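I opened this notebook to keep track of what I looked up in one protein model, entry by entry. The confidence, the fold and the side-chain pairs are taken up below.

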Amino acid sequence: MTQHAWSGRDLPDLDLSQADWRSGSQGVGDVQIAFVEGFIAMRNGRRPEAPSIVFSPAEWRAFVVNAREGEFDLT
């Protein structure tokens, strides 16, 4: 596990080079996710070389629930 200074969280050193990235839209979307070693990674599909965000299963569930409830709706 690696602690990332910016987050204060312990995260694994995941090898995302062989991850099966999935897009929410047809083709390459803006957001892609991959399930790797029990964690969920999210990246910008238009900039796959940029850093990914890694969620624990509990963090991912909270994110999805809040997104569905409109907490992150900026429109």
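Before reading any accessibility, I fixed the terms: a residue is exposed when its relative accessible area is over 50%, buried when that area is under 20%, and partly exposed in between. By that rule I entered Arg-46 as exposed, because its relative accessible area is 63%.

**Entry: confidence**

I noted at the outset that this is a predicted model, and I therefore looked up the confidence before anything else. The protein averages a pLDDT of 80, and 76% of the residues score at least 70. Among the elements, I found the lowest mean pLDDT, 40, in strand E1 (residues 2-4), and the highest, 92, in E4. Over residues 1-6 the pLDDT stays under 50, although the model has 13 contacts beyond four places in sequence for this stretch. Where pLDDT is low, the predicted coordinates should not be read in detail, and I left those contacts at that.

**Entry: fold and surface**

I counted one helix and six strands in the protein, and from the N terminus on the elements run β-β-β-β-β-β-α. Of the 75 residues, 28% count as buried. The accessible surface comes to about 5600 Å², and 52% of that surface belongs to carbon and sulfur atoms. When I took the contacts with a separation of 6 or more, residues 24 or more positions apart accounted for 12% of them.

**Entry: the helix and what follows it**

I checked the length of H1 against expectation: at 1.5 Å a residue, its twelve residues should span 16 Å, and the end C-alpha atoms are 16 Å apart, which agrees. Just after H1, I found Gly-70 with a positive phi of about 85°.

**Entry: aromatic pairs**

Which kind of pair do Trp-60 and Phe-63 form? A search of the whole structure gave me four aromatic pairs, and among them Trp-60 and Phe-63 are tilted, with 5.5 Å centre to centre and 35° between the planes. Both residues lie in helix H1 (residues 57-68), and because they are three residues apart, they are separated by about one helical turn. An α-helix has 3.6 residues a turn, so residues three or four places apart point the same way. I entered Trp-60 as buried, since its relative accessible area is 16%, whereas Phe-63, at 27%, is partly exposed.

Phe-63 also pairs with Phe-72, and this pair is stacked, with 5.5 Å centre to centre and 25° between the planes. Phe-72 is partly exposed, with a relative accessible area of 42%. Taken together, Phe-55, Trp-60, Phe-63 and Phe-72 form one aromatic cluster.

**Entry: salt bridges**

How many salt bridges does the structure hold? I found three, and I went through them in turn.

The side chains of Arg-46 and Asp-30 meet at 2.2 Å, N to O. This pair links distant parts of the chain, 16 residues apart: Arg-46 is in the loop between strand E5 (39-44) and strand E6 (53-55), and Asp-30 is in the loop between strand E3 (22-23) and strand E4 (31-36). Arg-46, as entered above, is exposed at 63%, while Asp-30 counts as partly exposed at 43% relative accessibility.

Arg-22 forms a salt bridge with Asp-20, and there the closest N and O atoms are 3.3 Å apart. I read Asp-20 as partly exposed, because its relative accessibility is 49%.

Arg-47 and Glu-49 bring their side chains together in a salt bridge at 3.8 Å, N to O. Arg-47 is partly exposed, with a relative accessible area of 48%, whereas Glu-49 counts as exposed at 62%.

**Entry: a backbone angle to note**

Where is Glu-37 found? I placed Glu-37 in the loop between E4 and E5, and its phi is near 50°, a positive value in a residue other than glycine. Most residues other than glycine have a negative phi, which is why I gave this angle its own entry. At 60% relative accessibility, Glu-37 counts as exposed.

How values were computed. Residues numbered from 1 in each chain as written. Heavy atoms only, no water. Phe/Tyr/Trp six-rings, centres within 6.5 Å; stacked < 30°, edge-to-face > 60°. Helix = DSSP H or I, 4+ residues; strand = E, 2+ residues; numbered from the N terminus. Buried < 20%, exposed > 50% of the residue type's maximum accessible area, 1.4 Å probe, protein only. Salt bridge = Lys/Arg side-chain N within 4 Å of Asp/Glu carboxyl O. Contact = heavy atoms within 4.5 Å. Areas by Shrake-Rupley, 256 points an atom, 1.4 Å probe, with all protein chains shown as cover. Expected span 1.5 Å × (residues − 1). pLDDT = per-residue confidence, 0-100.
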